[in-house]
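Got your viewer open and a selection box ready? Load the model, switch to cartoon, and follow along stop by stop.

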Amino acid sequence: MAGDPGSAAEDPGDDGSDGPAAATGPTRTGTDDSAAATRIVAIRERIDEIDRTLVELWQERAALSREVGTTRMASGGTRLVLSREREILERFRESLGADGTQLALLLLRAGRGPL
């Protein structure tokens, strides 16, 4: 996949691994059609932008979550508030299905550490 950019069969087209300097040939885009290859490169550039934003937001969320936990414990509160975690899990599940639950679990762990 991302480690093997020359394999068109493994390139799902949405991994964002191709930047502006990427070739527009079948080796990098999975197609010989130059118009399609150009479009794929443009789409992947946008995917890369979204990925950068997601990483930044992930890091900000984790830092804020750690701050909440530190503040709560410093005031004599509990390390975790399970009802809050359930709310977050449910919100993500409702919006994204089973994958949303998995994403929420990863977000929660990033902010509080493993249980």
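Here is a walk from the overall fold to single side-chain pairs.

**Stop 1: the whole chain**

Keep in mind that this is a predicted model. Colour it by secondary structure, and you should find four helices and zero strands. Reading from the N terminus, the order is simply α-α-α-α. Now switch on a surface: the protein exposes about 7800 Å², with carbon and sulfur atoms supplying 57% of that area. Of the 115 residues, 22% are buried. If you like contact maps, take the contacts between residues at least 6 apart in sequence: 43% of them join residues at least 24 apart.

**Stop 2: the largest nonpolar core**

Select Ile88, Phe92, Ala104, Leu107 and Leu108 and show them as spheres; these five residues are the largest nonpolar core. Which elements give two or more residues to this core? They are helix H3, residues 82–96, and helix H4, residues 98–112. H4 gives the largest share, three residues. As background, nonpolar side chains in soluble globular proteins tend to be buried together.

Stay on Leu107 for a moment and hide its neighbours within four places in sequence. What else is in contact with Leu107? You should see Trp58, Arg61 and Phe92. Phe92 is already on your screen as a member of the core.

**Stop 3: a nonpolar patch outside**

Keep Trp58 selected and add Leu96, Leu103 and Leu106. Together these four side chains make a nonpolar surface patch of about 330 Å². So Trp58 turns up twice on this tour, as a contact of Leu107 and as a part of the patch. Zoom in on Leu106, which sits in helix H4. Is Leu106 buried or partly exposed? Its relative accessibility is 40%, so it counts as partly exposed.

**Stop 4: salt bridges within a helix**

Time for the charged side chains: the whole structure holds four salt bridges, and three of them are worth a visit here.

Begin with Arg46 and Glu49. Their closest N and O atoms are 3.1 Å apart, and the two form a salt bridge. Both belong to helix H2 (residues 34–74), where a spacing of three residues puts about one helical turn between them. Check the surface around each: Glu49 is partly exposed with a relative accessible area of 37%, and Arg46 is partly exposed too, at 47%.

Next, go to helix H3 and pick Arg84 and Glu87. Here again the spacing is three residues, about one turn of the helix. This salt bridge has its closest N and O atoms 3.8 Å apart. Glu87 is partly exposed at 45% relative accessibility, and Arg84 is partly exposed at 42%.

**Stop 5: a salt bridge between helices**

Finish with Glu85 and Arg112, whose side chains meet in a salt bridge at 2.7 Å, N to O. What does this pair tie together? Glu85 lies in helix H3 and Arg112 in helix H4, so the bridge links parts that are 27 residues apart in sequence. Are these two residues buried or exposed? Turn the surface back on to check: both Glu85 and Arg112 are buried.

For a last view, show this pair along with the core from Stop 2. H3 and H4 are the helices that give two or more residues to that core, and the Glu85–Arg112 salt bridge runs between H3 and H4 as well.

Methods. Residues are numbered from 1 along each chain as its sequence is written. This is a predicted model: local features need pLDDT of at least 70, side-chain atom pairs count only at pLDDT 80 or more; totals for chains, interfaces and linings use all residues. Side-chain values use heavy atoms; hydrogens and water are left out. Buried means under 20% relative accessible area, exposed over 50%, partly exposed in between (1.4 Å probe, protein chains only). Contact means heavy atoms within 4.5 Å. Accessible areas come from the Shrake-Rupley method with a 1.4 Å probe; for residues, only the protein chains shown count as cover. A nonpolar core is a set of buried Ala, Val, Leu, Ile, Met, Phe, Trp, Tyr and Cys residues joined through side-chain atoms within 4.5 Å. Patches are made of residues with over 30% relative accessible area and no salt bridge: like charges are joined within 9 Å, nonpolar side chains (Val, Leu, Ile, Met, Phe, Trp, Tyr) within 5 Å.
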